[in-house]
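Colleague: Before we begin, I should like to go through this structure term by term. Please give the reasoning behind each label as we meet it.

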Amino acid sequence: NIMPIAGLAIIASMVVVVTKCVNVDRISKVIEWRILMIIFGTLSLSIAMNNSGLARIIVNFFADMISGTNPLLMIAVIYFIASLFTEIMSNNASAVLITPIVIGLASSIGVDPRPFIVAVMFGCSASFATPIGYQTNTYVYNVGNYRFSDFLKIGLPMNIIMMITAVLVIPLFFDL
């Protein structure tokens with residue numbers, strides 16, 4: 001609780017450069033600036049949605065729809081939405097966007113938000129179906145000369161397996 005993690009990361013990066021643990025010329029050559037801009041852009045989008053109140057509108061809309069729904073179904077829907085957002089944005093931006101919505105949603109219907117936050121964590125971490133969802137996917141997409149369809153063919157079945165697994169395992173650790 002010293003300061004936000006982003007500030008600590010910047011300080012740590014500066015220390016590494018100032019102490020010459022890493023060569024500055026080497027850093028600028030290996031950084032994928034295009035990928036970094038995609039990540040910053042999607043994080044900005046999620047912050048804008050929170051600050052504009054759109055996140056609250058989404059919470060209210062879904063709270064009315066799922067009130068009284070089976071918690072297992074709620075976990076599946078939340079996981080699916082997190083996974084879907086991750087495939088079109090980035091995992092970090094999706095988590096930043098969806099987590100406060102899920103917390104607000106769980107609070108508005110009077111249930112423990114923790115299992116739903118875990119569903120968001122798993123859903124945002126399982127981004128296999130597009131090269132956009134995770135930085136490593138984007139790296140190998142360029143270097144390996146893959147096609148977008150290559151990610152869909154392999155990634156969609158992996159996403160489905162992970163979703164089924166998460167929906168079955170999360171309730172083992174939390175009372176629903």
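**Salt bridges and the reasons for other labels**

Modeller: Let us start with the charged pairs: a search of the whole structure finds three salt bridges. Please keep in mind that this is a predicted model.

Colleague: What makes the pair Asp112 and Arg114 a salt bridge?

Modeller: The closest N and O atoms of Asp112 and Arg114 are 2.9 Å apart. The criterion asks for a side-chain nitrogen of Lys or Arg within 4 Å of a carboxyl oxygen of Asp or Glu, so the pair qualifies. In general, side chains of opposite charge can pair when their charged atoms come close.

Colleague: Why is Asp112 called partly exposed?

Modeller: Its relative accessibility is 28%. Buried means under 20% and exposed means over 50%, with partly exposed in between; therefore Asp112 counts as partly exposed.

Colleague: Which residues are linked in a network of salt bridges?

Modeller: The network links Arg147, Asp150 and Lys153. Arg147 pairs with Asp150, where the closest N and O atoms are 3.5 Å apart. Lys153 also forms a salt bridge with Asp150, with a closest N and O separation of 4.0 Å.

Colleague: Where do Lys153 and Asp150 lie?

Modeller: Both are in helix H9, three residues apart, which is about one turn of the helix.

Colleague: Are Asp150 and Lys153 buried, partly exposed or exposed?

Modeller: Asp150 has a relative accessible area of 22%, so it is partly exposed. Lys153 stands at 54% relative accessibility and therefore counts as exposed, the cut-off for that label being over 50%.

Colleague: What is the make-up of the protein chain in helices and strands?

Modeller: The chain has nine helices and zero strands. From the N terminus on, its elements run α-α-α-α-α-α-α-α-α. Along its principal axes, the C-alpha trace spans about 55 × 45 × 30 Å. Of the 176 residues in the chain, 31% are buried.

Colleague: What is notable about the phi of Lys20?

Modeller: Lys20 has a positive phi of about 60° although it is not a glycine. Most residues other than glycine have a negative phi. Lys20 is placed in the loop between helix H1 (5-18) and helix H2 (24-30). With a relative accessible area of 71%, Lys20 is exposed.

Colleague: Which other residue can you describe in this way, and where does it lie?

Modeller: Asn145, a residue other than glycine, has a positive phi near 55°. Asn145 belongs to the loop between helix H8 (135-143) and H9. Its relative accessible area is 67%, so Asn145 is exposed.

Colleague: How do you know that Ala126 is buried?

Modeller: The relative accessible area of Ala126 is 2%. Buried means under 20%, so Ala126 is buried. Ala126 lies in the loop between helix H7 (114-125) and H8.

Colleague: Which residues are in contact with Ala126, leaving aside its neighbours within four places in sequence?

Modeller: These contacts are Tyr79, Ser83, Glu87, Asn159 and Met162. Each is called a contact because heavy atoms lie within 4.5 Å.

Colleague: Why is Phe85 described as partly exposed?

Modeller: Phe85 has a relative accessible area of 26%. The value falls between the limits of 20% and 50%, so partly exposed is the proper label. Phe85 lies in helix H5 (residues 71-88). Leaving aside neighbours within four places in sequence, Phe85 is in contact with Ser90, Ser94, Leu97 and Ile98.

Colleague: Which residues make the nonpolar surface patch?

Modeller: Ile160, Ile164, Leu168, Val169, Leu172 and Phe173 make this patch of about 660 Å². Members must have over 30% relative accessible area and no salt bridge, and nonpolar side chains are joined within 5 Å.

Colleague: How do you know that Phe173 is exposed?

Modeller: Its relative accessibility is 67%. As exposed means over 50%, Phe173 counts as exposed. Phe173 is found in helix H9 (residues 148-173).

Colleague: How much accessible surface has the protein chain?

Modeller: The accessible surface comes to about 10,900 Å², and 71% of it belongs to carbon and sulfur atoms.

Key. Residues are numbered from 1 along each chain as its sequence is written. This is a predicted model: local features need pLDDT of at least 70, side-chain atom pairs count only at pLDDT 80 or more; totals for chains, interfaces and linings use all residues. Side-chain values use heavy atoms; hydrogens and water are left out. Patches are made of residues with over 30% relative accessible area and no salt bridge: like charges are joined within 9 Å, nonpolar side chains (Val, Leu, Ile, Met, Phe, Trp, Tyr) within 5 Å. Accessible areas come from the Shrake-Rupley method with a 1.4 Å probe; for residues, only the protein chains shown count as cover. Helices (H or I, at least four residues) and strands (E, at least two) are DSSP runs, numbered from the N terminus. Buried means under 20% relative accessible area, exposed over 50%, partly exposed in between (1.4 Å probe, protein chains only).
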